[in-house]
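User: Could you take me on a close look at the packing inside this protein? I would like one connected account of a single part and of what surrounds it.

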Amino acid sequence: GQGEGGFAHALRLYEIMKNLEDHEGEMYAARGLAEMYRLNGQFEDGRALLERQLGVLYALGHRQGGALCLRTLGNLHRFQGDFDAAIECAWKAQRLWDEIGESANSMEELYIIAKIYREQGRLTEAHDLLEDLPAQFARAGDRKLQALALTDKGSVSAELGDYFKAIQYERQSIAIFESLEMGWQAGAGFGMLAVHYTSLGDYPTALDYYQQSLASARRFQDPEEVKRNLLNLGDAYLRMDRPRDALAVLDESRQIQSKFPWFNCRILVNIGRTYLRLGELPNSTRYFEEALQEARTLGSGRYEGEALAGLAEVQLRHGHLGAAGQLFGQSLDLAEKAGLANLTVAARRGLGETAARNKDYEEARRQFALAIQKVESVRSLVPDPELRTGLAQRDAAVYEGMIDTLYALHLRDPSQGYDRQAFDYAERGRARSFLEMLSEARANVNKG
């Protein structure tokens, strides 16, 4: 929390302005005091103060003051994790800005709403709001907000599966920050580039950008950005099959306090995945269950879906196929509702594997086919052949699952051409040679 001196000063200023009946001064002092309450975790006190202040401002017909107080109240709800209330405040504020002709503040409110939508996992709605905002900020001459909006537009594009556009938007954002001599923001942008290259499977490039971003965050003494980079670096190590390295940086990230409540949820999910990779199922279950509880408290469909997928993988490892199928199904519902491409693929791959282990190979084939359809729709958005190869390697398990399934169907009925279909999927996947995957398929079917 903040020091006693800062809080006492904010409280004293508010009381002075209130006693003077200086409504303008009281409104600004109330916002400052509410921010102190937020930083100290006193959300109820901050909310009560702002709601009283809003009543006064509405009675006076002070729409600008009402919009500013709504922005502060929404910020308080957001950092408490009450995203729905934060969005309601932001839309009310945006309408007030429109009524008084404050277009710049109206655009900024839309940007705030888009950020909260993204945090909730409402990616399509976030994408729609962000589509024109960078250009609007540019026309208004606000290059800083233009760059920030480009970063968020890139992040949403990546979560929807368009990694190439995400990289383009982030590079534009970094160029603007560098031209404005805003080194901290440019350094944070390198961290976002690292995330996008991780998603594409280009790990050497990703690690290089992570190191640049971490060095920048430490140079500017920003623990929040250090925490973010360590969290994302843990995800990269996990994808590189370096779970011990992942666990080390995730534990380091978790030790750093954050004002963002969803950071802890992300860390819990990734620690759960790391223990799953290490085969430590009780630890994996514990972290996924903690993540699930936090995600539901925050109302985050994205992290709820990821935690459910993790718990489903644990059940699959235990051989509890009914429970695994149910959890993968719940995860898929949330992923498709939010438009989360990676989670959709993971859930369908899990459903395919569950069906295959139940020897329901037709259902397995259906799930793997839908997963591959999503994978290839994402891959088609990447024009760079080398980056497409990285994506293919990342998603190899989906193609391998399909080949295992088709080989099992071929053994049941060799006349249906399942072997030719398997060859086609191996060519499309380009993850391994056909002979290597077919050899594994035989082994897997023989074990089953």
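Analyst: Happy to! A good place to start is L233, which is in contact with L207, Y210, L214 and V249, leaving aside its neighbours within four places in sequence. Please keep in mind that this is a predicted model.

L233 belongs to the largest nonpolar core, a set of 34 residues in which L193 and L233 touch the most other members. Two or more residues of this core come from each of helix 9 (143-159), helix 10 (163-179), helix 11 (183-200), helix 12 (203-219), helix 13 (223-239) and helix 14 (243-254). Helix 10 gives the largest share, seven residues. There is also a second, separate core of 32 residues, and V156, W262, F263 and A295 are among its members.

W262 leads us on to E119, a residue of helix 6 (residues 103-120). Not counting residues up to four places away in sequence, E119 touches W262 along with R78, F83 and S300. One of these neighbours is also a polar partner: the side chains of E119 and R78 are joined by a polar contact of 2.5 Å. Is E119 buried or exposed? With a relative accessible area of 12%, E119 is buried, because the cut-off for that label is under 20%.

Now to the aromatic rings. A search of the whole structure turns up five aromatic pairs. One of them is formed by Y111 and F137, whose rings are edge-to-face, with 6.1 Å from centre to centre and 80° between the planes. This pair links distant parts of the chain, since Y111 sits in helix 6 and F137 in helix 8 (residues 133-139), 26 residues apart. Both partners are buried: Y111 has a relative accessible area of 6%, and F137 has a relative accessibility of 1%.

Another pair, F190 with Y209, is stacked, with centres 5.9 Å apart and 15° between the planes. F190 lies in helix 11 and Y209 in helix 12, so this pair ties together parts that are 19 residues apart in sequence. F190 and Y209 are buried. Together with Y197, F190 and Y209 form one aromatic cluster.

An aromatic ring also takes part in a contact with a charge. The charged end of R38 sits over the ring of F79, at 4.4 Å from the centre of that ring.

Let me finish with the cysteines. How many disulfides does the model have? The count comes to zero. Here is the reasoning for C69 and C89. The sulfur of C69 has its closest cysteine sulfur in C89, 10 Å away, and that is too far for a bond because a disulfide needs the two sulfur atoms within 2.5 Å. Looking from the other side, C89 finds its closest cysteine sulfur in C69, again at 10 Å and too far for a bond. Both cysteines are buried, C69 with a relative accessible area of 0% and C89 with 7%.

To draw the threads together: L233 and L193 touch the most other members of the largest nonpolar core, and helix 11 and helix 12, two of the elements that give residues to that core, are also tied together by the stacked rings of F190 and Y209. Helix 6, for its part, holds E119, whose side chain joins that of R78, and Y111, which pairs with F137 of helix 8.

How values were computed: Residues are numbered from 1 along each chain as its sequence is written. This is a predicted model: local features need pLDDT of at least 70, side-chain atom pairs count only at pLDDT 80 or more; totals for chains, interfaces and linings use all residues. Side-chain values use heavy atoms; hydrogens and water are left out. Buried means under 20% relative accessible area, exposed over 50%, partly exposed in between (1.4 Å probe, protein chains only). A nonpolar core is a set of buried Ala, Val, Leu, Ile, Met, Phe, Trp, Tyr and Cys residues joined through side-chain atoms within 4.5 Å. Helices (H or I, at least four residues) and strands (E, at least two) are DSSP runs, numbered from the N terminus. Contact means heavy atoms within 4.5 Å. A polar contact is a pair of N or O atoms within 3.5 Å; within protein, one must be able to donate a hydrogen and the other to accept it, and residues adjacent in sequence count only if both atoms are side-chain atoms. Rings of Phe, Tyr and Trp (its six-membered ring) pair if their centres lie within 6.5 Å; planes under 30 degrees apart count as stacked, over 60 as edge-to-face and the rest as tilted. A charge sits over a ring if NZ of Lys or CZ of Arg is within 6 Å of the ring centre and within 35 degrees of the ring normal.
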